[in-house]
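Please open the model in your viewer and keep the sequence alongside it. The stops below are meant to be selected one after another.

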Amino acid sequence: MLRRRLSLFAGYCVIIGAFVIAGLWGNRAATVFSGNGIKKDTVCFVIDAGHGGIDGGAVSCSGVAESTINLQISLRLRDLLHLLGYDTKMIRTEDVSIYTSGNTIAAKKASDLKERVRIINSTDRAVLLSIHQNHFVDSFYRGGQVFYASTEGSKLLAEAIQNQFVCTINLGSNRKIKPVEGIYIMKHIACPAVLIECGFLSNPEEEFLLRSDDYQKKVCMVISTACSDFLEKMQLDPTVES
Ligand SMILES: [Zn+2]
């Protein structure tokens, strides 16, 4: 009961924060909230919390696995997109790998990626949001960066998310979107798809932020606002006035 109350309270905090941020960010951000209920069947946002289980991904400068932060942000993003009326599907909701075969770690990782692709490609009207954190040898670098698949709509979605990063929580950042290279999932999916590096786990200041509740909520606001913007541009959102 206490957990449910806490989670409801957290939900309200997100919404209140969202309205404040939307007001601060101007009309484009406010379009997220302008409708009388967004039709749920326009798209299904498939949220892929990168790595998990046997594959922790990068390790942050304070020793936290990337997979943990990916999952925390992904769960918050799911809740926020739900509150905004969107349909979502999670690739994972716990710290697990989702392989179905393999006797070695490499084989299990390969099976995990194939399974993620299978789930994404079997989802009608899917739009993939793959959540990751960046890492680099030089701790100077920071800021969110979005990579896009070659499928239709992916670049538009990446631009919308990158714009929101730069206009809000990454002010002054000169990071640009890039086509994704050498990522199995992004090469094998058929839907609009982006890989979002929310920030750098190798930068101590940004790593601290990425582990915090407040900043994770802001990252989710960035992504969900951009998703609404993307749907408006794709003319998939029936609540947008022409
Ligand atoms: Zn990653």
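Which sign does the phi of Q235, just after α8, take? Select Q235 in this predicted model, and the backbone there shows a positive phi of about 55 degrees. Most residues other than glycine have a negative phi.

**Helix α8**

Step back from Q235 to the helix that precedes it, α8, which covers residues 213–233. Its 21 residues, taken at 1.5 Å a residue, should span 30 Å, and the C-alpha atoms at its two ends are indeed 30 Å apart, so the expected and modelled lengths agree. If you colour α8 by burial, you will find that the helix is mostly covered, with 16 of its 21 residues buried.

**The whole chain**

Now display the protein chain as a cartoon, where eight helices and six strands can be picked out. Followed along the sequence, these elements come in the order α-α-β-α-β-α-β-β-α-β-α-β-α-α. The protein chain has 242 residues, of which 41% count as buried. Among its contacts between residues at least 6 apart in sequence, 74% join residues at least 24 apart.

**The nonpolar core**

Next, select the residues of the largest nonpolar core, which number 52, and mark L128, L129, I161, V194 and I223, the members with the most contacts inside it. The elements that each supply at least two residues of this core are β1, α3, β3, β4 (145–148), α5 (154–167), α6 (184–188), β6 (193–200) and α8. The helix visited above, α8, gives the largest share, nine residues. Centre the view on L128 and show what surrounds it: leaving out residues up to four places away in sequence, L128 touches V46, D48, I120, I189, C191, A193 and V194.

**From β1 to β2**

One of the residues touched by L128 is V46, and V46 leads to the pairing of β1 with β2, since its bridge partner in β2 is K89. Select β1 together with β2 (residues 87–90), and you will see the two strands pair in the parallel sense over four bridges. Add α3 to the selection, and β1, α3 and β2 can be viewed together as a right-handed β-α-β unit.

**Two loop residues with positive phi**

Stay in this region and select H51, which lies in the loop between β1 (44–49) and α3 (66–83). H51 has a positive phi of about 65 degrees although it is not a glycine. Is H51 buried or exposed? H51 is buried, because 25 other C-beta atoms lie within 10 Å, where 20 or more are required.

For a second case, move to R125, in the loop between α4 (105–121) and β3 (126–134). R125 also is not a glycine, and its phi is positive, at about 60 degrees. Its surroundings should be read separately: R125 has 14 C-beta neighbours inside 10 Å and therefore counts as partly exposed.

**S111 in helix α4**

For the last stop, select S111, which sits in helix α4. With 16 other C-beta atoms within 10 Å, S111 is partly exposed. Draw a distance from S111 to S101, ten residues away along the chain, and the C-alpha atoms will be found separated by 6.0 Å. Beyond its neighbours within four places in sequence, S111 is in contact with Y99, T100, S101 and G102.

Terms used
Residues numbered from 1 in each chain as written. Predicted model: local features only at pLDDT ≥ 70, side-chain atom pairs only at ≥ 80, totals over all residues. Expected span 1.5 Å × (residues − 1). Buried ≥ 20, exposed ≤ 12 C-beta atoms within 10 Å, placed from the backbone. Contact = placed C-beta atoms within 7 Å. Pairing = 2+ DSSP bridges. Right-handed = clockwise from strand over helix to strand, strands pointing away. Core = buried A, V, L, I, M, F, W, Y, C linked by C-beta atoms within 7 Å.
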